[in-house]
Amino acid sequence: MASSSFSAPVGTRDVMPPESAQWVELVARFAQHVANAGFGLVQSPMFEDLGVFLRVGEGTDIVTKEMYDFIDKGGRHLALRPEGTASIVRAYLQHRPQRNPWKAWYVAPNFRYERPQAGRYRQHHQLGVEVLGSPDADLDVEVITLQADFYAQLGLRQLRLLLNSMGTPEDRSNYTTLLGTWLQDHSDQLHPQDLETARTNPMRVLDSKRAETVAALSEAPSVLESLSEYALEHFERVQQGLRAAEVDFDVEPRLVRGLDYYTHSTFEFQALALEGAQNAIGGGGRYDGLASALGGPETPGVGFGSGIERILLALQAEEALRPAEQVPLAFVVDTTGGTHARDLVTQARRAGLFLDRAYDRRSMKSQMKAADRSGAALALIIGEEEAAADNVTVRDLRGPASQMSLERSDLIEYLRKQP
Ligand code: HAM
């Protein structure tokens with residue numbers, strides 16, 4: 001069949017049935033899961049003032065290289081959202097909700113001009129939560145446990161949770177300086193491309209996959225050695241809480257997340273069934289300095305975001321979560337021109353029953369074929385005879401060939417009783 005001259009832009013994809021049924025199921029389950037924990041949905045605009053996202057970190061790839069920014073017709077410098085947290089904090093500061101802590105969840109597209117590959121898109125979608133207003137480590141535990149339980153409920157088993165702490169903003173900044181100096185002192189052992197990163201954003205070097213850098217880093221100072229007493233206590237409380245909740249984790253002092261706003265806890269769930277580079281199915285952390293960076297009062301926050309596409313890939317790899325396909329209860333075969341099928345389908349749908357039918361006045365044979373293909377258990381046949389007698393022939397499409405005649409007025413009640 002000839003297709004049009006257009007296809008979805010590079011790095012984007014259409015989510016089509018039957019995959020989209022999994023998508024619907026995933027979002028519905030997430031909505032239920034987080035509602036149970038007191039989170040309310042926030043829908044924020046897909047674009048914001050560029051400045052909102054600059055606060056995510058001027059040394060991060062998503063800001064410096066991957067932003068979809070543009071000047072609108074009114075001369076405003078805007079950007080498509082590359083991640084959800086900054087938008088939620090902006091909304092919080094704008095509306096100042098009274099509740100404390102304030103708990104928000106979202107499901108939203110994000111845009112990053114990345115090099116597309118399996119599991120890495122220019123438009124991806126995240127499910128996530130943010131809690132604003134409290135520095136309590138128990139909220140870090142709540143958020144991480146919520147995420148772990150969601151994955152478990154979906155049937156994902158092969159996951160690894162990495163946990164780290166960046167400490168207070170001062171701890172983080174001290175460590176960045178310490179690491180920067182160490183990297184300069186060991187520059188001869190690093191891959192040349194990492195040297196450049198070492199100058200602009202030393203922590204990102206910890207993320208390097210290049211063999212010589214990885215080898216050199218085994219001697220590098222650990223962020224955990226730079227934690228202040230408060231940060232250590234906070235981190236300890238988070239770990240205790242996770243143990244109490246029986247959420248397995250590995251402390252990974254090299255875990256660097258691609259965003260600059262993190263303080264204290266950072267974490268990432270990796271799907272072991274997926275390719276290394278794209279195996280992060282969700283991550284998050286605490287960001288106590290983000291609200292003030294956006295010009296608001298000091299407001300601690302913690303949350304996570306999880307890529308829907310990656311969750312679906314992991315589910316596929318583990319052969320979990322297969323929502324049943326929507327199969328009609330019965331298929332109406334109307335050989336009198338379609339009027340009976342039309343009215344019966346409407347009546348049934350209003351009664352909450354899924355009936356399907358064929359269109360275009362097709363032959364009996366062609367309609368019966370469509371009925372078979374639909375997966376329906378019953379065919380409701382209306383020919384001239386049935387129409388005249390105001391009844392319907394009900395034919396079993398699954399079991400041994402059998403059929404019976406039903407008064408049209410009894411049909412909906414009969415269908416309701418079907419298993
Ligand atoms: P992030 O790690 O940049 O964090 O993204 C969260 C998740 O989104 C990733 O773990 C991954 O599953 C998915 N993801 C990211 N980029 C792509 C992509 N190009 N293609 C497909 N999936 C992708 C954040 O965005 C933070 N806002 C998370 C957070 C919430 N931190 C605190 N609260």
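This briefing walks through the domains, the ligand site, two sheets and a few unusual backbone spots of the structure above. Please keep in mind that the model is predicted. The protein chain is divided into two parts: domain 1 covers 19–168 + 228–317, and domain 2 covers 330–416. Their centres, taken over C-alpha atoms, are 49 Å apart. A ligand is also present, with 27 residues around it.

**The ligand and its surroundings**

- A good place to start is with the closest neighbours: Glu 83, Thr 85, Glu 114, Glu 130 and Tyr 262 come nearest of the 27 residues around the ligand.
- Three side chains can be picked out by their polar atoms, each lying a short step from a nitrogen atom of the ligand: for Tyr 262 the distance is 2.7 Å, for Thr 85 it is 2.8 Å, and for Tyr 261 it is 3.2 Å.
- On its own, the ligand has 650 Å² of accessible area, and the protein covers 96% of that.
- Which strands each supply at least two residues of the shell around the ligand? They are β6 (123–132), β10 (280–286) and β11 (301–307).
- Of the contributors to this shell, β10 gives the most, with six residues.
- Sorted by class, the shell holds 11 polar, nine nonpolar and seven charged residues.

**A three-stranded sheet**

- Strands β2, β4 and β3 make up an open sheet, in the order β2-β4-β3, and the pairing is antiparallel.
- The edges are taken by β2 (47–49) and β3 (69–71); each has a single partner strand, so one side of each is left without a neighbour in the sheet.
- From one strand to the next, the twist averages 35°.
- Looking at one pair in detail, β3 meets strand β4 (residues 77–80) in the antiparallel sense, over three bridges.
- To find this pairing in the model, look for Asp 69, whose bridge partner in β4 is Ala 79.

**A five-stranded sheet**

- Another open sheet has five strands, in the order β13-β12-β14-β15-β16, and its pairing is mixed.
- At its edges are β13 (355–357) and β16 (403–407), each of which pairs on one side only.
- Neighbouring strands here are turned by 30° against each other on average, with direction ignored.
- Strand β12 (residues 330–334) runs parallel to β13, and three bridges link the pair.
- A handy landmark in this pair is Phe 331, which stands opposite Asp 356 in β13.

**Backbone spots worth a look**

- Where are the cis peptide bonds described here? One joins Pro 17 and Pro 18, with omega about 5°, and another joins Asn 100 and Pro 101, with omega about -5°.
- Pro 18 belongs to the segment before α1 (19–35).
- Pro 101 sits in the loop between α4 (85–95) and β5 (102–111).
- Glu 246 is not a glycine, yet it has a positive phi of about 60°.
- To find Glu 246, follow the chain to the loop between α10 (229–244) and β8 (250–251).

Methods. Residues are numbered from 1 along each chain as its sequence is written. This is a predicted model: local features need pLDDT of at least 70, side-chain atom pairs count only at pLDDT 80 or more; totals for chains, interfaces and linings use all residues. Side-chain values use heavy atoms; hydrogens and water are left out. Two strands pair if DSSP finds at least two bridges between them. Helices (H or I, at least four residues) and strands (E, at least two) are DSSP runs, numbered from the N terminus. Axes are lines fitted to C-alpha atoms, for helices over the stretch in contact, and angles run from 0 to 180 degrees between N-to-C directions. A residue is near a molecule or strand if one of its heavy atoms lies within 4 Å of it. A polar contact is a pair of N or O atoms within 3.5 Å; within protein, one must be able to donate a hydrogen and the other to accept it, and residues adjacent in sequence count only if both atoms are side-chain atoms. Accessible areas come from the Shrake-Rupley method with a 1.4 Å probe; for residues, only the protein chains shown count as cover. Ala, Val, Leu, Ile, Met, Phe, Trp, Tyr, Cys and Pro count as nonpolar, Asp, Glu, Lys and Arg as charged, and the others, Gly among them, as polar. Domain bounds come from an automatic or database domain assignment.
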